[in-house]
Amino acid sequence: MPAHTNRLASEASPYLLQHAHNPVDWFPWGEEAFAEARRRDVPIFLSVGYSTCYWCHVMERESFESESIAAMMNERFVCVKVDREQRPDVDDIYMAATQIMTGQGGWPMSVFLEPGSLRPFWCGTYFPAEARPGLGSMPTFPQVLDGIARAWGEQRDEVLKQAESLADAVRGHLAGGAEPAPLGIETVQEAVGALLRMFDRTHGGFGGAPKFPQPVYLDLLLDVRDRAGDDATRAAIDEVVRHTLDRMAVGGMRDQVGGGFHRYSVDGHWTVPHFEKMLYDNEMLAEVYTRAGAVYASAFYRDVARTTIGYVLREMTRRDGSGRAIAFHTAQDAEIDHREGLNYLWTPEEVREALDHGASPAPDDADLAIRAYALNRGPNFRDPHHPDEAARHVLRMDLVPDEMADRLGVERAEFAARMERINRVLLAARSRRKQPHLDDKAVLSWNALMVRALAVSGMVDTERRDDLVMAFMVARSLLESMRGADGTLMRVARNGVVQTPALLEDYASMVRALVTLAGASADAGPTGGMAAALGSHADEPAASTSVDPAWAEGEARRLIAEAEALFGDGSGGFFDTREGATDLFVRTRATYDGAMPAGATLMALGLAELAMRTREAGDVDRAVGALRAISASVAENAVGSAVGTRALLTMLREPGLTGGRLGFGASGSMGRAGGSIGAQEAAGSDPAASYGGTHADFTTVEVYAPDERLTLGEGGAAELRLLVRIAPGYHIVAADPGEEAAGLGLVPFRVAIVEADASGRGTRGTAIAAYADYPEGVEFRPSEAAAGMRVYEGEFELAVVLERPAGAALGRPLLVVSFQACTARECLSAQRLELDVAIDG
């Protein structure tokens, strides 16, 4: 029997249940906790996390399982646990407070609230139980507890004043309500230009480490590509999309053996992932790869989409007694037995053992796997929390499969068949290992996104028609099972229990999924505008009569009406939460599209897609109203509200329907070529040059390399140092500007190696890798209300190590430095310098 049991033992959330036997006297979020804090006149300690969060586990082991720390927490605070996936509304509010106060955020989130109105007055994330090297001046958790308790007892007035000041800042950040702004094609052009500048031309993706997949950006670019009016713009978009999709798909962030994607890459080149797997990442990436497979006629992208969906169906699907899919689970953990990624790591000996002694061993498969997955080089992962343990391998390939086959001297078709067999055997061996924890709750919005991913797969890929049938089947199941006593939707289901009234995010995701299903023809082929949007012209019969577009459209309209009643503001816009929530001190209107898109932008996109399909006046009016409500945010940051920008682009397909109500004319003029997006508009200049080249008189930032020539042999490495000087009054965006700056569209400082083309310009990736020891930078915030970021100022040096893999051709490598210089008031265009350093073999 456990030594301790607290109130969380009666909860359904896997995350809360993980803490049910801590010595901490945890309360779930609710009136009982608030009343107890008011009765005792003590602050509330709010801890927010989720069940597959690695650092949440670390803080639990270090602090929440400590008898002495728990005694301090119980004596001085009322302690509350929140599952952020179950209550994203609570998480959003206090994460905004944390980011405003500290300039960064993350989980576990640790916030102290005054009990009267639940306003935050002090915020942080992870705190260690005791001081240790590598954490700088970070206080220990006992020090934090002691300091907060003393401040509450001795400086109450100052604490309450800070609480109101912070609460006001959160209200200003999340309450919305800005005056509508005119939108037009230039808004889309600004977004495309920003994404072209943010693009990592060497490794793909956007920004640096930690590197996230950003499917909302890729979806936006694919939408724009469909409207591009010239080859140069399409070529620029294709470079971003294809290079990013290629590098993610061959990297370690993708589970090469089992399919699907891990959460993000801890490095800038997609090698070592943060190993948790989230449903929302995999469903959005499956859709992007499905669309790209159709747009680029790529069998590789179709295979990535197929194996990603296959992973979800195999490991993340809840089925009824007859085996039918009825919902999808939330996430798989990053750790096993306190070891990061243990299930996914390999040694060459383990691979050889599995393949040489599997069910049907094939000659030379082990040798092929070891070469294809680079196990013949040194290991690429060592658990930072267990440095004494042997390093191991995250499986990844250097090149896409066809190019890898050519490098290894294997026929392409043979390579594909052998790698499929190899992965099947390795997966069987891996399945016999201890498996990561599964968060088996179903979240409605995440399930709705998976329904759409299945629908798109079945409508685009003629060989995946069963996915469309499954999408309809799961949609029906969700609408039947995830209802509350009042008939409205509920957000979370687990073990037959539904909890938490659904939020706008849930309704919007479900509406968009149903609108997608409504675009399928009864014989399971895509029709009308949906076919064009998905890049598919297939119209082949389905094997099931369960495909019912009319039902889907009817359900979508019913949910739209419910959402307007529950979340509508009376003028076409939406709040995130229902009216009258007494446990929230602000009713939010989020418009930032992060790992999960915002409810308001998703609803605008779903309504726009419905309007463009039906062209009915009422549908158009709703779409215009929803888009107008988020227009200020889209106009201010078209990348940060990428889904909102997609809604705008969708409406611009038929601008005459809107009657100029979004600030663009009824004529629908969208640039050259009769309403297309041209290169000059999209990128602000020639797309290939928009990221590179420097003005002759540009001296704001200077980069010096003392070495004029380096030797880089096969399988070897070389090191050089760079000196960077920044003019007074300027700063450049740091290599890791922080999460708060992620949506600002700024280009961080980067050192990279690229391959020179025939003209001598560096435009292509290369097998040679560049690793830089980037400084941390200093905190910069142009105003109290603005987003903060880390920047470099003055002068600094950094070491750069170049590595050339064994067997890699040297080619014509160029060492390049990318950066964006800003003042306190404005930012200059992003720049790329090609350094005059010769690299010899």
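1. In which helix is the place of Thr98? In this predicted model, Thr98 belongs to helix H5, which spans residues 88-102. Thr98 is buried, because its relative accessible area is 0%, well inside the cut-off of under 20% that defines a buried residue. Its side chain reaches back to the backbone oxygen of Tyr94, at a distance of 2.8 Å. Leaving aside residues up to four places away in sequence, the residues that Thr98 touches are Gly103, Gln104, Gly105, Met109, Val111, Cys123, Gly124 and Thr125. One of these, Cys123, is itself buried, with a relative accessible area of 3%.

2. For the chain as a whole, the secondary structure comes to 27 helices and 33 strands. Of the 841 residues in the chain, 59% are buried. Among contacts with a separation of 6 or more, residues 24 or more positions apart account for 70%, and the points below give some particular cases of contact between separate elements of the chain.

3. On the cysteines, the count comes to one disulfide, and that disulfide joins Cys53 to Cys56 with an S to S distance of 2.3 Å. The torsion about the S-S bond of this pair is about 80 degrees, so the disulfide is right-handed. Cys53 and Cys56 are both buried. Cys79 also counts as buried, because its relative accessibility is 1%.

4. A colleague looking at Asp593 will find it in the loop between helix H21 (549-567) and helix H22 (599-614). Although Asp593 lies in a loop, it is buried, with a relative accessible area of 1%. The side chain of Asp593 has a polar atom 2.8 Å from the backbone nitrogen of Val643, and a polar atom of that side chain also lies 3.2 Å from the backbone nitrogen of Ala642. Asp593 and Ala642 are 49 residues apart along the chain, yet their C-alpha atoms are separated by 6.3 Å. Outside its sequence neighbours up to four places away, Asp593 touches Val216, Ala598, Thr601, Gly640, Ser641, Ala642, Val643 and Gly644.

5. Some of those residues return in the packing of helix H9 (residues 215-227) against helix H25 (residues 642-651), whose axes come within 9 Å and cross at roughly 20 degrees. At that angle H9 is roughly parallel to H25, because angles under 35 degrees count as roughly parallel. The contact is made by Val216, Tyr217, Asp219, Leu220, Asp223, Val224 and Arg227 of H9, together with Ala642, Val643, Thr645, Arg646 and Leu649 of H25. The crossing in which H9 passes H25 is left-handed. Val216, Ala642 and Val643 thus take part in this contact between helices, and they are also among the residues touched by Asp593.

6. A second helix pair to inspect is H17 (residues 444-460) with H19 (residues 504-518), where the axes come within 8 Å and cross at roughly 15 degrees. That angle makes H17 roughly parallel to H19, and the crossing of the two is left-handed. On the H17 side, the residues that meet H19 are Leu444, Ser445, Trp446, Ala448, Leu449, Val451, Arg452, Ala455, Val456 and Met459. Their partners in H19 are Glu505, Asp506, Ser509, Met510, Arg512, Ala513, Thr516 and Leu517. When reading such lists, it helps to recall that an α-helix has 3.6 residues a turn, so residues three or four places apart point the same way.

7. Helix H14 (residues 365-372) is largely enclosed by the rest of the structure, because six of its eight residues are buried. The buried residues of H14 are Asp365, Ala366, Leu368, Ala369, Ile370 and Ala372. What covers them includes helix H13 (348-356), helix H15 (401-408) and helix H16 (412-431). Just after H14, Ala374 takes a positive phi of about 60 degrees, a backbone detail that a reader may wish to view alongside the helix.

8. Finally, Asp398 lies in the loop between strand S15 (393-394) and H15, and H15 is one of the helices that cover the buried residues of H14. Asp398 is buried, with a relative accessible area of 14%. Its side chain is joined to that of Arg407 by a polar contact of 2.9 Å. Apart from residues up to four places away in sequence, Asp398 touches Arg247, Val250, Arg377, Met404 and Arg407.

Note on methods
Residues numbered from 1 in each chain as written. Heavy atoms only, no water. Helix = DSSP H or I, 4+ residues; strand = E, 2+ residues; numbered from the N terminus. Buried < 20%, exposed > 50% of the residue type's maximum accessible area, 1.4 Å probe, protein only. Contact = heavy atoms within 4.5 Å. Polar contact = N/O pair within 3.5 Å; in protein donor to acceptor, adjacent residues only side chain to side chain. Disulfide = S-S within 2.5 Å. Axes fitted to C-alpha atoms, helices over the stretch in contact; angles between N-to-C directions. Parallel < 35°, antiparallel > 145°, perpendicular 65-115°, else oblique. Left-handed = near helix turned anticlockwise from the far one by under 90°.
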